[in-house]
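Please work through the exercises below with the sequence and the model open beside you. Each task is followed by a solution that goes step by step.

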Amino acid sequence: MAPDQRTLDQLSLTREEYDRIIDLLDREPNEVELGMFGAMWSEHCGYQNSRPLLKMFPSEGPGVLTKVGEENAGVIDIGDGWCVAFKIESHNHPSAIEPYEGAATGVGGIVRDIFAMGARPIALLDSLRFGPLQPTSPPEPAPGVPPQAYLPETTPEVAARNRYLFNGVVAGIGGYGNCIGVPTVGGEVSFAPSYSGNPLVNAMCVGIARTDKLVKARADGPGNLLLLVGADTGRDGIHGATFASVQLDESSEERRPAVQVGNPFMEKLLMEACLELTEEHHEWVVGLQDLGAAGLTSSTVECAAKAGTGLIIDVAKVPRREEGMTPYEVMLSESQERMLVIVTPENEPHVRELFERWELHCATIGIVTDDGVVRIHENGVEVGAIPAKMLTEAPTYVRGVVKPQWLTELQEFDFATLPDIGTSNLQHPTSNIGQSTSDVLLQLLASPEIASKRLVWRQYDHQVGTNTVVGPGSDAAVIRIKGTNKALAISTDGNAAYTYLDPYMGGAIAVAEAARNVACTGARPIGMTNCLNFGNPEKPDAYFQLHEAIRGMSDAAKALGIPVISGNVSLYNESSGEPIWPTPVVGVVGLIDDVDRVVPMGFQNEGDRVVVIVAAFLSDADKHGSSSTLRNRTPRMADHAGSEALRSGFGIVVGQPSTEVQSERALIDFLLEASARGLLQSAHDISAGGISKALAECCIAGNVGTTVGGQDYQDFAYFGEIQSSVVISCKSNDFGDLLALASVSLLQPILTGGVGGSRLVLGSLDVAIDEMREAYENGLAHALEGATTNA
């Protein structure tokens, strides 16, 4: 009997896809089989809309040891017998319904992906997006401003819900991560109205392993056994994969049972047991796989499909914590803290003894076969049979790429209609900016988007393991590799406002900024992972954004020579039909050969010299030629495309961000060379908030002031977000060498100055460090009080 539409909707299957299943099987599927198809063909597992686009990414490069999509994480050789494994994943939909458990189990899942490779997790980072924490009123319409430019209203009820989600997610990350002995060392937190109904929770984990101890997620060898290890199986998380493949609406609360429940103490035992197995008894292991989305179905099917084998699984042998569970429920449960271990029969007793010594349940639930079919039994009776590759080869969809007209209107906005700060005619019809540049800086530093996230990361243990050299709050976290002089620098980045205004440029800038942040520490970027958070791809605007962002990210990764070795796609991020801003999040890992030469973010010593460096854009005539002539690059009003100054001050998002990745590569190479020569005292990238905000952060971090000058620009230009730029400092006697290196590197110093005093002085801007610190350190806490209305 054919299922009704409600059943298909619950499984995220279309009627056409159901008909295709019948054609493939040459019969109608039963309940167990249909559930398995629904999970494996969901966007979350099957990548129906994104798989064709992901082929644009460069996935090969020096030291890359894995093929994208074939293992739980990507791995890069870093020399001396060591390798680094890393990946980022999303847990957005669960966190929108149950923020604590949604975020907590997101951390647990990404950690299992890393130790499933045989790598020890050494660092976690979290990239988070929420709606505004305070109520806001929409600005009054102004001439020349397109309707789509205005940020929508945030009501007191919505702001209260956003604060609830924020507090729950942050607590969930800390509550789980602090228990498993892996430091949470970085990430980012951003706010925009589009996330009010659909927060984003992206978690990245980095691990290290000996290259000869890596493990694959494959079910090789007919006759080998399937062991299920860890927590007992319950009904939590059923339909979690399909839940993540539909948009949120008023009925989403009914999906609360699809949210998994985590046990970090069980995870800690499971991690240590698996690492003992792979590090000390590597020869016992044929394959190792995490049970994540779609639970036992995805873990077993994917292992079989990769090896070209089949399986027989008897669900009656799966340990359960609830009575009366059906084969359907057992196969689709997403109960956490479970691993699948494939072993040879002769090693089964040894593996079982190892896990039992760690007080972990270990059950033999199946066997590898040679016919390529995954067969589900219950007490020896077959209740389902599907070829493994039929499940892993989900249908894909390629759609038209059409730029929406409203986007062109936003990009063509005339910035000349905006006043400069300090002019007699300041009050733009939509403006609530103060009268001076100092007021604007303090307002920016206190905004939740810019303010210090210390309130967040102080809830995380970022020192456990004693490997953290640079923790949260800097351009990139730095983790030493014990037993060597090496260290890893890690950063996550993504600016959704840029991607909203120009998906191609937004994607490219996300890659460039993450790489630039890593290079600011003195680390050479070696690999990249990404999490693609977008709306409903069946809608033309969302598909255009997805396609163009991936294209921009791919072009940037190729130009910078950074392979994309892992990633995750999260689509259907919509609430009541309204999509999130397109949000590609990029994680870049860099390698530092000498941990003692890490470059800090903050200014260091009075008397040091300060330089604001910009990678000048190639002129149009030279982009395809051999000339080294560069266009003079100075701050301009167009740098306010998507800027935080426009968002917080005028309530609008307009313009067209731009960058040249060739210029970005020149800047990164310069930073690495300057660091290697010992010329840098500090380095900090310029991003959201612009030059003035970057200088303020350098002053606050170093607890010392600076006076910077140069050409006369409009005051508002100091808050523009000029790309491919950094604030650096050096010893006075190295100043000439640093400028000479910049010149050879075709970079442009646009502002210079010195370190000293207790104030930041830049043009008409003159603010005490104590004032800046007060605004910066307390801005987020004040927003969480929910008492202030930004009218």
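**Exercise 1: Two helices in contact**

Task: find which residues of α10 meet which residues of α13, and describe how the two helices pack.

Solution. In α10, the residues Ala273, Cys274, Glu276 and Leu277 meet Val351, Leu354, Phe355 and Arg357 of α13, where contact means heavy atoms within 4.5 Å. Sorted by class, this contact of α10 with α13 has 6 nonpolar, no polar and 2 charged residues; Ala, Val, Leu, Ile, Met, Phe, Trp, Tyr, Cys and Pro count as nonpolar, Asp, Glu, Lys and Arg as charged, and the others, Gly among them, as polar. Next, look at the geometry: α10 and α13 (residues 348-357) pack at about 145 degrees, and their axes are 9 Å apart. Axes are lines fitted to C-alpha atoms, for helices over the stretch in contact, and angles run from 0 to 180 degrees between N-to-C directions. Helices (H or I, at least four residues) and strands (E, at least two) are DSSP runs, numbered from the N terminus.

Before going on, note that this is a predicted model, in which local features need pLDDT of at least 70 and side-chain atom pairs count only at pLDDT 80 or more, while totals for chains, interfaces and linings use all residues. Residues are numbered from 1 along each chain as its sequence is written, and side-chain values use heavy atoms, with hydrogens and water left out.

**Exercise 2: A sheet and the helices across it**

Task: state the strand order of the open sheet of 7 strands, and say which strands stand at its edges.

Solution. Reading across the sheet, the order is β7-β9-β6-β10-β8-β11-β12, and the pairing is mixed. The edges are taken by β7 (285-290) and β12 (381-387), each of which has a single partner strand, so one side of each is left without a neighbour in the sheet. Neighbouring strands of this sheet are turned against each other by 25 degrees on average, direction ignored. As an example of pairing, which requires that DSSP finds at least two bridges between two strands, β8 (residues 310-314) and β11 (residues 373-378) are parallel over 4 bridges, and Ile313 has Ile376 in β11 as its bridge partner. Finally, add the helices: α7 (residues 99-115) lies across β7 and β9 (338-343) and runs at about 165 degrees to β7, whereas α10 (residues 264-280) lies across β6 (225-230), β7 and β9 and runs at about 20 degrees to β9.

**Exercise 3: An enclosed strand**

Task: work out why β3 is described as largely enclosed, and name the strands with which β3 pairs.

Solution. Of the 11 residues of β3 (residues 120-130), 10 are buried, so this strand is largely enclosed by the rest of the structure; buried means under 20% relative accessible area, exposed over 50%, and partly exposed in between (1.4 Å probe, protein chains only). With β5 (residues 200-210), β3 pairs in the antiparallel sense over 9 bridges, and Leu125 has Met204 as its bridge partner there. With β4 (residues 184-191), β3 runs parallel and is joined by 7 bridges, Leu128 standing opposite Val189.

**Exercise 4: Cysteines without a bond**

Task: count the disulfides in the structure, and explain the result for Cys205 and Cys274.

Solution. The count is 0, a disulfide being a pair of cysteine sulfur atoms within 2.5 Å. For Cys205, the closest cysteine sulfur is that of Cys83, 14 Å away, which is too far for a bond. For Cys274, the closest one belongs to Cys362 at 10.0 Å, again too far. Both residues are buried, since Cys205 has 0% relative accessibility and Cys274 has 0% as well.

**Exercise 5: Positive phi values**

Task: compare the settings of Tyr47 and Asn703, and decide for each whether the residue is buried or exposed.

Solution. Most residues other than glycine have a negative phi. Tyr47, however, has a positive phi of about 50 degrees; this residue is in the loop between α4 (43-46) and α5 (51-54) and, at 18% relative accessibility, counts as buried. Asn703 has a positive phi near 55 degrees, is placed in the loop between α23 (690-702) and β23 (706-710), and counts as exposed at 52% relative accessibility.
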